[in-house]
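Student: I would like to go through this model step by step, with the reasoning behind each reply. Could we begin with a charged side chain and then move on to the wider fold?

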Amino acid sequence: TNSFIAATALAFAVARPATVDAFTGPSPRAAIAPRIAPLQESADSTDGPAEESLQSFLQQNYPLFESLLLSKIPDAYSMLRDSDSTDGYTIFCPSQSVMEGLDPKRKVQISDQRNDEVSEKLAAYHIITNGKVTQERLKREDWTVPRVDGVAALNIGGVVTVGGELRVGRSKSGGFMGWGAKEDGGVVIGNNEAKIVKSTKIGNGVVHEMDGFVAPDLIWRYFDQLRIPGF
């Protein structure tokens, strides 16, 4: 058991890439940040109060994410302040309702100090500290590659968070049990396809409210290795 825990902690040690591009192309090996020109902000993004700090914004609007997850990353606000003064930052923030609906067992697992390494990894998948990734950039299409079934590929195939790489895709709605759903112009992040609900610009960064967690399901499997009395 001790060796498993040690291996888990090693496998989930959080890396903080300083020079890795925040964007990746359709191929995970192809970083395409240099190809992305600055884009105008659209109505998808709103400005937060001019004098409001990121910390106060998160505490007021996403208190459970801020206290339960972001707090697990040592010096999180220090990293984000540094990013704010350079390349910008991005936060994929599960909505307050998502956090409130989290299974009580999961909340205990995240809060338990014996599981801090995995909790930190979960949180790390939700932030980018070396780039401001707006919805406009995520939605941009790549017309240099062949269309598939009449649909152009997205220019950005994935994003590189502090926790690791996550895929980017188009959101769909409608249909029945997965059949007949149509693209609705939105953006999803991660294999669980958490959708961006709205975006708020804070300083030189952006906070995307998500309708779910963007981290891989594998994270939750590691949580389940920790047995807590009563669960």
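Student: In this predicted model, which side chain of opposite charge is nearest to Glu66, and how far away is it?

Tutor: Glu66 is buried and yet has no salt bridge. A salt bridge would need a side-chain nitrogen of Lys or Arg within 4 Å of a carboxyl oxygen. The nearest side chain of opposite charge lies 9.9 Å from Glu66, and it belongs to Arg81.

Student: Where is Glu66 placed, and which residues does Glu66 touch, not counting those up to four places away in sequence?

Tutor: The residue sits in helix 3, which covers residues 63-69. With residues up to four places away in sequence left out, Glu66 touches Gln55, Leu58, Gln59, Ser71 and Tyr77.

Student: Which residue forms a salt bridge with Lys72, and how far apart are the closest N and O atoms?

Tutor: A search of the whole structure finds six salt bridges, and one of them joins Lys72 to a residue of helix 7. Because Lys72 lies in the loop between helix 3 and helix 4 and its partner in helix 7, the pair ties together parts that are 44 residues apart in sequence. Lys72 is buried, with a relative accessible area of 17%, whereas the partner is partly exposed at 30%. That partner is Asp116, with the closest N and O atoms 3.0 Å apart.

Student: Is helix 7 largely enclosed or exposed, and which of its residues are buried?

Tutor: Helix 7 spans residues 116-124, and seven of its nine residues are buried, so the helix is largely enclosed by the rest of the structure. The buried residues are Val118, Ser119, Glu120, Lys121, Leu122, Ala123 and Ala124.

Student: Which residue forms a salt bridge with Lys198, and which strands hold the two?

Tutor: The closest N and O atoms of this salt bridge are 3.9 Å apart. The pair links distant parts of the chain, 11 residues apart, with Lys198 in strand 10 (residues 194-202) and its partner in strand 11 (residues 205-210). Lys198 counts as partly exposed at 43% relative accessibility, while the partner is buried at 14%. The partner in strand 11 is Glu209.

Student: How many aromatic pairs are found, and what is the geometry of the pair formed by Phe57 and Tyr62?

Tutor: The search of the whole structure finds three aromatic pairs. In the pair of Phe57 and Tyr62, the centres are 6.0 Å apart and the planes stand at 65 degrees. Phe57 is buried at 6% relative accessibility, and Tyr62 is buried at 3%. Because planes over 60 degrees apart count as edge-to-face, the Phe57 and Tyr62 pair is edge-to-face.

Student: How is the pair of Trp220 and Phe223 arranged, and which residues form one aromatic cluster with these two included?

Tutor: Trp220 and Phe223 form a tilted pair, with 5.4 Å between the centres and 35 degrees between the planes. The two are three residues apart in helix 9 (residues 218-223), so they are separated by about one helical turn. Both are buried. The aromatic cluster consists of Phe213, Trp220 and Phe223.

Student: Which residues have the most contacts inside the largest nonpolar core?

Tutor: Of the 231 residues in the protein chain, 46% count as buried, and the largest nonpolar core has 47 residues. Ile189, for example, touches residues including Phe92, Leu138, Leu166 and Val214. Those with the most contacts inside the core are Leu54, Leu58, Ile91, Ile189 and Val207.

Notes. Residues numbered from 1 in each chain as written. Predicted model: local features only at pLDDT ≥ 70, side-chain atom pairs only at ≥ 80, totals over all residues. Heavy atoms only, no water. Phe/Tyr/Trp six-rings, centres within 6.5 Å; stacked < 30°, edge-to-face > 60°. Buried < 20%, exposed > 50% of the residue type's maximum accessible area, 1.4 Å probe, protein only. Lys, Arg positive; Asp, Glu negative; His and termini not counted. Contact = heavy atoms within 4.5 Å. Core = buried A, V, L, I, M, F, W, Y, C linked by side-chain atoms within 4.5 Å.
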